[in-house]
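Thank you for sending this model for comment. My notes follow as numbered points, to be read beside the sequence and the coordinates.

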Amino acid sequence: MAYTVYTYVDPYRINETDFWAKIKSYPHLCASRTLVNGLMSVMGDSIESLICPIDEIVVKKVYKEWSADIGNRIQQYSELGKIFDQDFLDRKFEREFYEALKHNKNSMLDALRLFIELGIDPFTLNGDELPPEQKYFIYLFQLVSQKDLFKINDDLSVCTLKKILLEQVREEWREKEKRAKEYDGGALSPEEQAVFRRMNKTVEEWDCKHIVIHGIHQFSPIQLKFITHLERLGLDIVFIHNYVKEYKEIYSSWDYIYQHFNAQIHYDKNIEKYSPIEKKVGYTVACNMASLCEGNISLNDKQLFENYKVYNDDKYGLRFTEFDSISEYAGYVSDLFAAAEGKIITTKSAKSELLQKKSGTSNVLKKMKDVIYTANKDVDALLQIYHPDYARNRHFLAYPVGHFFVSLYDLWNTERKEIVIDYKLILNCLNSGIMTSFDSSKLVKTLMNLEPLFAIWETFTEFRSGFTDYIKLYDQVSATTINSQDYTLRELNIYNNEKVTKTDVVALYNAVCELNTNAVSLFKNIENGEQFGFSDHLGRLKEFISKRQPKLANKEEKELVEKLLTRLDDVQGNMDHEKKGTFDDLRAGLYFFMKQKEEPVSDWFVKNFEQIDGDVLNSKAQNKIGRGKTYHFACVSDKDMNCKINDLLPWPLSEYFIEKAYNPKDLQFQVYFASLSERSNFLRYELFFGLYYCQCDVKISFVRYYDEDETDLYQLLKLIGLKKVTKKKIKAEGNTARTKDKFNSDNVKKLNIMPEERGAMFLCPYKYLMNYVINSGVTYSGKFFAQRFFIAVITDRVWKRIDSYRYNPDKAKENMVRTMDMEIEILRTYFPFMSASDIIDVKRQVKNYLDTRIQGGYDPNHTLNRKVFGKGLFYESIDKLPPNHIYDFFENFTRIEDDKKIYSVSAVTKNVKQKAVIDSYIQKYLNEQEDACKRPGSWCGYCTVRNVCLAPYEEE
């Protein structure tokens with residue numbers, strides 16, 4: 001028969017099964033790299049033939065031109081764009097539908113490639129009952145299926161397959177030697193060398209009639225294409241996977257998927273029951289999970305109760321951990337890894353230079369207590385940010401260098417032949433380090449300080465003119481003296497020569513000009529909306545990168561750019577030189593290109609659930625004194641363990657589409673759709689397998705909140721009575737909780753303290769520290785704070801000028817409007833980013849404020865408080881008060897009215913009698929406190945250091 005299924009109950013003893021002698025000389029293609037590693041660790045000398053991940057053969061070799069050729073993908077993307085454009089011109093749909101297609105072009109391409117890989121005949125699809133986007137998919141599928149660009153080369157022969165397998169043996173051998181040298185500082189042992197020599201000899205003698213596929217549950221379309229092709233070549237395919245007969249429901253998805261192959265199933269008779277040497281607590285949890293799934297067991301069953309007693313034991317039992325968010329979970333993992341890293345002692349051994357280098361991920365993981373598997377991959381991105389030096393499979397967009405290219409392409413305007421001005425995109429470019437003639441850190445700092453200005457200009461031409469005008473204003477403010485009315489403008493970051501020097505300003509201008517020059521050199525031959533040759537453009541891109549690579553200071557960046565150049569070589573080499581597309585096609589293609597990364601590696605902080613059934617085999621060797629690991633199964637929630645088919649399919653495909661449009665008769669689609677529909681049961685199986693077979697201690701955890709969505713522990717674990725870890729939390733009594741940061745200062749003996757400094761200390765000691773100790777005073781950045789500053793300055797100037805009319809309210813109001821218009825006209829020149837509507841709002845606020853205060857007389861303290869604190873009074877709800885002040889004395893300046901507690905800044909800044917006492921507390925704070933004493937309240941909304949402090953966001 002073409003297909004046979006062999007099952008084993010004990011994964012540690014596959015070489016003792018009744019079928020091992022028959023299949024051990026066949027090449028073994030496994031579901032994952034971790035399964036390969038696990039099998040090699042427990043089987044050792046029993047391995048005779050090649051054993052490797054199936055995708056190393058299928059994706060990277062047999063169908064490389066289809067699966068791994070990014071250039072081919074870019075050309076397909078471009079082809080779709082041309083079809084969309086032409087159909088829109090032919091009025092086959094309205095603009096709204098056209099825009100939706102363009103927005104979802106990548107998903108549409110994924111859907112088309114999926115159906116092509118499955119070998120579905122597009123003319124068998126029935127679109128009668130489908131919505132417009134799915135009908136259009138069928139039309140597209142029929143259209144592209146006739147183009148060579150969308151055809152998969154399917155000419156693999158048995159002879160070629162054998163060459164590929166021999167090549168893979170050599171690659172596995174080289175990779176093993178490389179890792180031994182890189183991480184262990186040595187060479188392969190004689191026993192390991194013998195394994196690879198034996199593999200090579202066995203593959204050379206392979207009869208080309210049989211091949212083993214091991215442990216695949218979630219078949220990909222391209223894997224199924226390969227398997228069915230092998231069948232057509234006359235090979236017998238032997239599937240092997242784990243199976244425990246007494247827990248049929250846990251394995252029901254395996255039965256359902258493999259029945260489609262119409263294969264004869266053989267259950268091993270040598271070992272019919274798994275009997276662990278020591279029944280770990282995880283084993284008892286797994287048994288009860290599986291028993292409950294069977295549905296034919298009484299809740300009073302003795303074994304069920306005995307298992308429950310084991311994992312419910314207060315001392316030795318198992319408790320699940322709950323994380324509030326994915327970031328808390330990522331922080332937990334990060335702390336574990338950092339602790340393990342700290343255990344590795346770097347010596348200055350003369351014997352090995354390797355010990356001087358940063359430890360490899362594998363070496364650190366050996367010291368890490370937890371081996372973590374996650375049902376949710378979101379944590380992976382956070383960990384790669386926390387520990388970039390270890391992130392071997394990050395895509396180019398995870399680095400500033402990658403963001404430079406994507407941002408540069410997004411900046412280019414093909415119609416105007418120059419860059420557009422977009423703050424975030426320019427920030428990405430300047431932060432990349434590619435512009436090696438500038439200090440990128442200074443450029444970024446200057447740009448952030450000048451952010452409001454970059455909201456004014458839309459084009460490079462506008463920038464060049466507007467920035468020149470800004471430099472003139474900068475020089476004018478810099479020339480003011482302390483007695484000048486405009487001297488106060490130095491408090492704005494854009495005019496503060498401590499925040500941005502004239503040298504920094506000029507450097508930023510030159511950098512943006514150079515950025516435009518670079519873009520012109522890359523894109524000058526590209527016309528708006530017209531087709532152009534991708535290959536020639538990629539050649540210019542390679543030249544552009546090559547010129548800058550030697551100047552990069554960071555070794556990691558140089559290596560990254562080298563990889564980028566190599567990949568560009570591959571793309572350009574495989575791309576049809578006649579192939580053309582629009583600039584939008586190229587831009588989207590480059591984004592996809594930059595997003596590409598390697599498959600998940602086996603030595604990473606967290607692994608996915610697909611890696612459990614191979615990795616757990618290592619627990620046999622890890623359950624030893626001094627090496628005891630804990631296998632941690634994370635994100636085991638209802639949300640993460642239960643998958644919907646629609647979430648697994650690319651747009652516009654859906655389960656409804658499959659039901660209405662296609663009656664699957666061919667094997668490939670039946671198996672693929674069965675795998676897809678059984679995804680949730682596969683995750684259940686992997687959790688069971690990990691708990692059942694793990695010979696180390698285990699942990700279980702889940703994340704409660706994903707953004708606004710709340711979930712719960714996986715229902716099956718709740719049903720068996722698994723209990724939660726009792727966390728010891730620090731309870732905040734009253735309102736004593738504060739966000740703490742440590743700081744040190746020299747002993748302060750004498751201070752010259754201004755009134756506003758006392759007000760800052762009253763509201764929040766950290767605000768005082770940041771504004772007046774670490775910095776020389778309050779400065780204002782960003783449009784929001786600049787506008788608050790503008791309002792305060794105009795209020796002060798107008799109030800001062802009309803104060804002589806305070807006893808004649810009508811005359812005062814008449815002069816107020818005229819004076820306000822005049823002062824705004826003078827000051828507005830320095831605020832080019834303020835729009836006409838902003839000015840209207842300023843006039844409204846100033847007028848409303850002065851209308852109620854004219855008769856009281858000019859009070860500079862009022863306007864100063866508005867400038868520094870936003871306002872002088874803060875009302876806080878009694879049931880949600882800010883943390884108490886570190887010094888109770890400051891409570892004297894608050895009062896209770898109704899259900900509000902009022903914090904009056906003026907009560908502090910104008911209090912002459914208590915000035916000396918307040919100053920003594922400030923001195924005490926600087927000399928004695930290690931805690932920076934952040935004190936979040938409603939005043940945070942007006943605080944210029946809130947984005948450094950972050951306490952208000954933590955409170956939320």
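1. What should the 12 residues of helix H11 (residues 221–232) span at 1.5 Å a residue, and how far apart are its end C-alpha atoms? The expected span is 16 Å and the end C-alpha atoms of H11 lie 17 Å apart, which agrees. This, like everything below, is read from a predicted model.

2. H11 is mostly covered, with 10 of its 12 residues buried. The buried residues run from Pro221, Ile222, Gln223, Leu224 and Lys225 through Phe226, Ile227, Thr228, His229 and Leu230. Just after H11, glycine 234 adopts a positive phi of about 95°.

3. The open sheet deserves a look strand by strand: its 6 strands are paired in parallel and follow the order E13-E8-E14-E15-E7-E18. Strand E13 (606–608) and strand E18 (723–724) stand at the edges, and because each has a single partner strand, one side of each is left without a neighbour in the sheet.

4. At the E13 edge, the pairing with strand E8 (residues 370–374) is parallel and is made over 3 bridges. Within this pairing, threonine 374 has asparagine 608 of E13 as its bridge partner.

5. Asparagine 376 lies in the loop between E8 and helix H17 (378–386). Is asparagine 376 buried or exposed? Its relative accessibility is 7%, and asparagine 376 therefore counts as buried, the cut-off for that class being under 20%. The side chain of asparagine 376 makes a polar contact with the side chain of aspartate 640, at 2.8 Å. When neighbours within four places in sequence are left aside, the residues in contact with asparagine 376 are Ile326, Cys635, Lys639, Asp640 and Tyr706.

6. Helix H34 (residues 755–763) is likewise described as mostly covered, since 8 of its 9 residues are buried. The buried residues of H34 are Glu756, Glu757, Arg758, Gly759, Ala760, Met761, Phe762 and Leu763.

7. How do H34 and helix H35 (residues 765–774) cross? Their axes come within 5 Å and cross at roughly 140°, and H34 and H35 are therefore oblique to each other. The label follows from the cut-offs, because only angles over 145 degrees count as roughly antiparallel. On the H34 side, the residues that meet H35 are Glu756, Glu757, Ala760, Met761 and Leu763, and their counterparts in H35 are Pro765, Lys767, Tyr768 and Tyr772. Of the H34 residues in this meeting, Glu756, Glu757, Ala760, Met761 and Leu763 also appear among the buried residues of H34.

Definitions and conventions. Residues numbered from 1 in each chain as written. Predicted model: local features only at pLDDT ≥ 70, side-chain atom pairs only at ≥ 80, totals over all residues. Heavy atoms only, no water. Pairing = 2+ DSSP bridges. Helix = DSSP H or I, 4+ residues; strand = E, 2+ residues; numbered from the N terminus. Buried < 20%, exposed > 50% of the residue type's maximum accessible area, 1.4 Å probe, protein only. Polar contact = N/O pair within 3.5 Å; in protein donor to acceptor, adjacent residues only side chain to side chain. Contact = heavy atoms within 4.5 Å. Expected span 1.5 Å × (residues − 1). Axes fitted to C-alpha atoms, helices over the stretch in contact; angles between N-to-C directions. Parallel < 35°, antiparallel > 145°, perpendicular 65-115°, else oblique.
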